[in-house]
Each structure stands twice: as structure tokens, then as C-alpha cells.
Amino acid sequence: MKHMNNMTVVTQPAQSPDLNMNDLCLNRMLAMRVDATKDIRGSLKQMVEVVHDVFNNVDIDTHERAWGHLYETMRLVMEYSG
């Protein structure tokens with residue numbers, strides 16, 4: 001913890017899942033969309049192709065909601081002092 005004038009800075013762990021976009025939104029979104037694809041019962045190669053397809057076709061609204069969710073999470077972390 002570092003004190004700066006009237007402010008106290010408390011750092012989060014570098015890999016905090018609460019503030020990591022991949023852990024917070026991306027992995028869950030990919031899992032849900034891949035699970036919704038019933039054609040993944042085949043080979044590992046087919047699974048990888050489905051994941052790549054889902055990842056490459058995420059719409060802008062989904063990205064905006066993810067960033068909004070991250071912003072709100074950061075706001076709550078600051079509101080409750082971590």
C-alpha cells in the first residue's frame with residue numbers, strides 16, 4: 001500500500017480475474033456460444049475451428065457490453081476499497 005497526498009493506492013494482483021477481460025467476459029461468452037453449436041462432437045480440429053469462428057464473429061454490441069461490465073466491476077472495486 002502506497003500513500004500519495006490524500007489518496008491511498010491499493011493494487012490488485014496482476015492476474016486478478018475480477019479485472020481481467022478474458023476471465024471476466026471473453027471466456028464465458030466463448031464457452032456459451034461454442035456450447036450452443038451442436039456440431040462440436042467431432043475432432044479437436046473441428047472444435048478449434050468452431051472456437052475461431054465464434055471468436056472472429058463477435059458483434060460490436062457484445063464487445064461494448066463486455067467493456068461496460070469491466071468498467072462497472074472496476075467502479076465497484078473502488079467503491080468497496082478492493
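This is a short dialogue on how to read a predicted model, feature by feature.

Me: Where do I start? Which secondary structure elements does the protein have?

Reply: Start with the helices and strands. This predicted model has three helices and two strands. Next, read their order from the N terminus. Here the elements run β-β-α-α-α.

Me: What share of the residues in the protein is buried?

Reply: The protein has 82 residues, and 18% of them are buried.

Me: How do I read contacts across the chain? What share of the contacts between residues at least 6 apart in sequence join residues at least 24 apart?

Reply: Look at how far apart two partners sit in sequence. In this protein, 56% of those contacts join residues at least 24 apart.

Me: Can you show me a single residue? Where is Asp18 placed?

Reply: Asp18 is in the loop between β2 (7-9) and α1. Leaving out residues up to four places away in sequence, Asp18 touches Leu24, Leu70 and Thr73. Take Leu70. Along the chain, Asp18 and Leu70 are 52 residues apart. Their C-alpha atoms are separated by 8.3 Å.

Me: Why is Asp18 called partly exposed?

Reply: Use the relative accessible area. Partly exposed covers the range between 20% and 50%. Asp18 has 46%, so Asp18 is partly exposed.

Me: Now its partner Thr73. Is Thr73 buried or exposed?

Reply: Apply the cut-off again: buried means under 20%. Thr73 has a relative accessible area of 15%, so Thr73 is buried. Thr73 is in helix α3. Not counting residues up to four places away in sequence, Thr73 touches Asp18, Leu19 and Leu24.

Me: What about nonpolar side chains? What is the general idea?

Reply: In soluble globular proteins, nonpolar side chains tend to be buried together. Now the case here. Six residues form the largest nonpolar core: Met29, Leu30, Val34, Val50, Val54 and Val58. The elements giving two or more residues to this core are α1 and α2 (44-56). Helix α1 gives the largest share, three residues.

Me: Is there another core, and which residues are among its members?

Reply: Another core lies apart from that one. It has five residues, including Leu24, Cys25, Ala66 and Leu70.

Me: Back to the largest core. Which residues is Leu30 in contact with, leaving aside neighbours within four places in sequence?

Reply: Leu30 is in contact with Val51, Val54 and Phe55. Of these, Val54 is listed with Leu30 in the largest nonpolar core.

Me: How do I read a pocket? Which residues line the second largest pocket?

Reply: Ask for the space, then the lining. The second largest pocket holds about 200 Å³ of space. Its lining is Met21, Asn22, Cys25, Leu26, Met29, Thr62, His63, Arg65, Ala66 and Trp67. The elements that give two or more residues to this lining are α1 (21-35) and α3 (60-79).

Me: How many of the lining residues are nonpolar, polar and charged?

Reply: Six are nonpolar, three are polar and one is charged.

Me: Pick one lining residue. Is Thr62 buried or exposed?

Reply: Thr62 has a relative accessible area of 11%, so Thr62 is buried. Thr62 is found in helix α3.

Me: Which side chain makes a polar contact with the side chain of Thr62?

Reply: The side chain of Arg65 does, at 3.2 Å. Arg65 also lines the second largest pocket. Setting aside residues up to four places away in sequence, Thr62 touches Met29 and Arg33.

Methods:
Residues numbered from 1 in each chain as written. Predicted model: local features only at pLDDT ≥ 70, side-chain atom pairs only at ≥ 80, totals over all residues. Heavy atoms only, no water. 1 Å grid on protein atoms, 1.4 Å probe; cavity = no way out; pocket = protein on both sides within 12 Å on 5 of 7 lines; lining within 4 Å. Points joined across faces, edges and corners; volume = space filled by probe spheres on them. Helix = DSSP H or I, 4+ residues; strand = E, 2+ residues; numbered from the N terminus. Nonpolar A, V, L, I, M, F, W, Y, C, P; charged D, E, K, R; others polar. Core = buried A, V, L, I, M, F, W, Y, C linked by side-chain atoms within 4.5 Å. Buried < 20%, exposed > 50% of the residue type's maximum accessible area, 1.4 Å probe, protein only. Contact = heavy atoms within 4.5 Å. Polar contact = N/O pair within 3.5 Å; in protein donor to acceptor, adjacent residues only side chain to side chain.
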